[in-house]
Amino acid sequence: MEEKVHPDLKDMFSVLPASPITPESLAIIRSTMNEVLLSNPQHHEAVSTHDKLIPGPPGDPEVRIKIYEPVDKHQQLPGLLWIHGGGYLIGIPEMDDGLCQRFVTEANCVVVSVDYRLAPETTFPGPVEDCYAALKWFAEHADSLGVDASRIAVAGASAGGGLTASVSLLARDRNGPAISFQMPLYPMIDDRIMTKSSQEISDERVWNKEKNIHGWSAYLGDSYGGEVSPFAAPARAETFEGLPPTYTCVGDLDPFRDETLEYVTKLSQAGVPTEFHLYPGCFHGFDMLAPNAAISQTAATQYVDALRRAFKK
C-alpha cells in the first residue's frame, strides 16, 4: 500500500502507528482520545459553543449535543447537523471542534453536533435513533436557534457519513424533518464487506478490513451476518429516490471506495443531484489524520465550499 500513497501523505503515513482495535483495546483508545480532546479544546473567537441535553428516542436516555454558532448573528441562518465518525465505536463531538467552527465561519451556519451512543454498548438502532432525535429537535427549535428550518443539512464522516445516509433515509420514510442537503463523507454504509476495496486494505495503520468487520459486528450485534435494515446499512436500501441533494468523496485507498462509488451511482440513477470526488492515493480519513497535507486541505476546502453553495440554493 505504501507505494500507492499520495505524495502529500507519504511522510504522515510513514509514521502512523499500527492501531488494531480489539475489545481489550477499545476502552483505552476511547479514554486516551477523549482525555486529549477535552484537555485541549479548539476555540475560534468568532464562534460560541455550548452543550445541551435534549430528549432522546422514546424510552431512551437524553442525548448530548454541542451547538456552534456565530458570536455575531443578525439573521436567520442555515443549520447543519454534524455526526462524528469513529467506526460506530469511538468518538465525541469535540473531535471535530475545528471543523464545526470552520463550517460556522465559512458556510455561515449554526452547527449541532450529536453525541450519539456508541457500539458495542448500544447496537443498532440506538445510535441512528439518537441522531434522528437530534434532527427532530433541531427542526422543532429552529426559530429559537435563529435557523431557517427549510435549510437544515446533515453531514458526517466515516461512520458519521453512514449515520448521515441513514438519517436521510429515516427522514424520507418518516416524512420529515425535511433535509435540504446531505454530505456523507467517505461513508461506512455496507456491512457485507464484499467489494474489492473492502477486501484489499489490510494495513493496520489505517481503517482496514479487520477494523471494518469489528465495527460492523459491534454496531449490528446479533444481526451481523443476517438480515440487516437499510437504516443500519444504507447501501442495502431498495430505492434512493427522494433523498436530498448530495455531496460525497472518498480516497482510492479507502476500504469504502467501492461502496461509495455504488452509492453515488444509485443516487444519480434515482435522480438525486450528486457531486462526487475521488482522491487518488488517499487512505481512509486522510483529511483528518493529515490535515496539513495539501491534498487534505484541497479536500476539506471542497466539501466546506459544497456546503456553503448548498445553503445558497
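A salt bridge is a side-chain nitrogen of Lys or Arg within 4 Å of a carboxyl oxygen of Asp or Glu. In this structure D51, R64, K66, E94, D97 and D115 are linked in a network of such salt bridges, and the structure as a whole holds 22 salt bridges. This is a predicted model, in which local features need pLDDT of at least 70 and side-chain atom pairs count only at pLDDT 80 or more, while totals for chains, interfaces and linings use all residues. Residues are numbered from 1 along each chain as its sequence is written, and side-chain values use heavy atoms, with hydrogens and water left out.

Within the network, the side chains of K66 and D97 meet in a salt bridge with an N to O distance of 3.1 Å. This pair links distant parts of the chain, for K66 is in strand β2 (residues 63-70) and D97 is in helix α3, 31 residues apart; helices (H or I, at least four residues) and strands (E, at least two) are DSSP runs, numbered from the N terminus. Both K66 and D97 are buried, where buried means under 20% relative accessible area, exposed over 50%, and partly exposed in between (1.4 Å probe, protein chains only).

Another salt bridge joins the side chains of R308 and D305, at 2.3 Å from N to O. R308 and D305 both lie in helix α11, three residues apart, which is about one turn of the helix. R308 counts as partly exposed because its relative accessible area is 28%, and D305 counts as partly exposed because its relative accessibility is 26%.

Turning to single residues, I83 is found in strand β3 (residues 77-83), and I83 counts as buried because its relative accessible area is 0%. Leaving aside residues up to four places away in sequence, I83 touches a set of residues that includes V114, Y116, C131 and V154, a contact being heavy atoms within 4.5 Å. D258, in helix α9 (residues 257-269), is also a buried residue, because its relative accessible area is 13%. With the same sequence neighbours left out, D258 touches T195, K196 and S197, and the side chain of D258 reaches the backbone nitrogen of K196 at 3.3 Å.

Conventions: Polar contact = N/O pair within 3.5 Å; in protein donor to acceptor, adjacent residues only side chain to side chain.
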